[in-house]
Amino acid sequence: MFLADFHVHSNFSDGKLSIPEVVDLYGRHGFGAIAITDHLCESQGVIGITSAYLGCSLTPATYPLYLEIIASEAERAWEKYRMVVLPGYELTKNMLSNHRSAHIVAIGTTQYLEADGEVIDLVRSIRAQGGISIAAHPVWTRKIEKQTYYLWDNRFELQNEFDAWEVASGPFIFDEVAKTKLPKIANSDLHLPRHLTAWKNELSCERHPEAILEAIRKQQMDFRFFNAQTALLRELEYASPRSAEPFGLGSRHRQFVSRDLVYSQAVG
Ligand SMILES: [Zn+2]
Ligand SMILES: [Zn+2]
């Protein structure tokens with residue numbers, strides 16, 4: 001079994017860490033898979049133009065380098081940590097109205113998409129290129145920030161278009177999503193190192209990109225709360241003074257994870 005986080009930002013959009021720093025953060029904590037999902041904002045409209053201008057969005061100009069770094073970091077992550085790194089992005093439609101705003105996380109995608117299109121066409125394009133489509137933080141995020149309600153408002157029409165809906169984002173579980181029969185996923189939406197303390201997915205498939213995407217499609221996963229601080233404390237407590245791996249990997253990792261909160265799909 002391994003932990004996976006499929007919604008992670010780097011400094012290619014508004015994240016704090018570079019892609020190699022993200023890989024090392026998750027690798028050192030024993031994760032088995034992550035997806036790098038930087039914002040890809042609408043290019044039309046005031047908000048889209050401003051985000052691209054401020055360097056907060058992938059653009060056709062930055063996307064090839066982004067993919068290249070993810071591919072080389074995926075190799076390094078596998079060699080060093082046996083961790084799978086998937087490419088992706090977060091199609092970001094930020095409107096003035098929360099009810100017209102939507103964030104769509106795509107993973108396993110390597111073709112650039114303009115975020116300006118209709119939601120239904122975007123989601124179909126993600127799947128057409130073999131990717132997974134995720135409705136990101138579709139309900140109230142429990143934070144003071146712009147909200148993105150379009151997908152939730154239209155969930156009955158869109159339910160078959162998404163492979164998963166975020167049932168948790170960061171430290172918050174969304175009861176509204178948990179109560180439904182919609183396919184689910186739990187991600188940190190990491191922008192800063194401290195966001196590592198968050199709900200995650202626990203998978204037991206092979207550590208291979210296709211197997212991981214398939215496990216999400218088939219909903220063969222559970223959700224666990226990962227506390228990076230207690231993980232580190234317990235790790236230091238258990239590590240021998242001569243340990244070459246101060247953060248540890250593998251079985252010890254499972255030991256402390258299992259003592260944290262568990263939210264099983266069977267419950268939801
Ligand atoms: Zn988002
Ligand atoms: Zn995000």
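User: Is the site of the zinc ion (ligand 2) tetrahedral, or which other geometry does it have?

Analyst: Ideal angles at a metal are 109.5 degrees for four tetrahedral donors. In this predicted model, the angles among the 4 donor atoms of the zinc ion (ligand 2) run from 82 to 172°, and the site is irregular. Four donors count as tetrahedral if all angles lie between 85 and 135 degrees, and as square planar if opposite donors are over 155 degrees apart and all others between 65 and 115.

User: Which residues coordinate the zinc ion (ligand 2)?

Analyst: H7 (NE2), H9 (NE2), E90 (OE) and D189 (OD) do, at 2.0 to 2.2 Å. Donors are N, O and S atoms within 2.8 Å of the metal (3.2 Å for Na, K and Ca); water is not among the atoms, so sites may look incomplete. E90 also bridges to the zinc ion (ligand 1), 3.4 Å from ligand 2. H9 lies in the loop between β1 and α1 and E90 in strand β3, so the pair ties together parts 81 residues apart in sequence.

User: Where do the buried residues of helix α4 sit?

Analyst: Residues three or four places apart in an α-helix point the same way, because there are 3.6 residues a turn. In α4 (residues 119-128; helices are DSSP runs of H or I, at least four residues, and strands of E, at least two), V119, L122, V123 and I126 are buried, meaning under 20% relative accessible area with a 1.4 Å probe, protein chains only. They cover an arc of only 95° around the axis (directions to the C-beta atoms), which puts them on the same side of α4.

User: How should I read the numbering and cut-offs?

Analyst: Residues are numbered from 1 along each chain, with chains lettered from A and ligands numbered from 1 as written. Local features need pLDDT of at least 70 and side-chain atom pairs 80 or more, while totals use all residues; side-chain values use heavy atoms, without hydrogens and water.

How values were computed. Four donors count as tetrahedral if all angles lie between 85 and 135 degrees; four count as square planar and six as octahedral if opposite donors are over 155 degrees apart and all others between 65 and 115; anything else is irregular. Buried means under 20% relative accessible area, exposed over 50%, partly exposed in between (1.4 Å probe, protein chains only).
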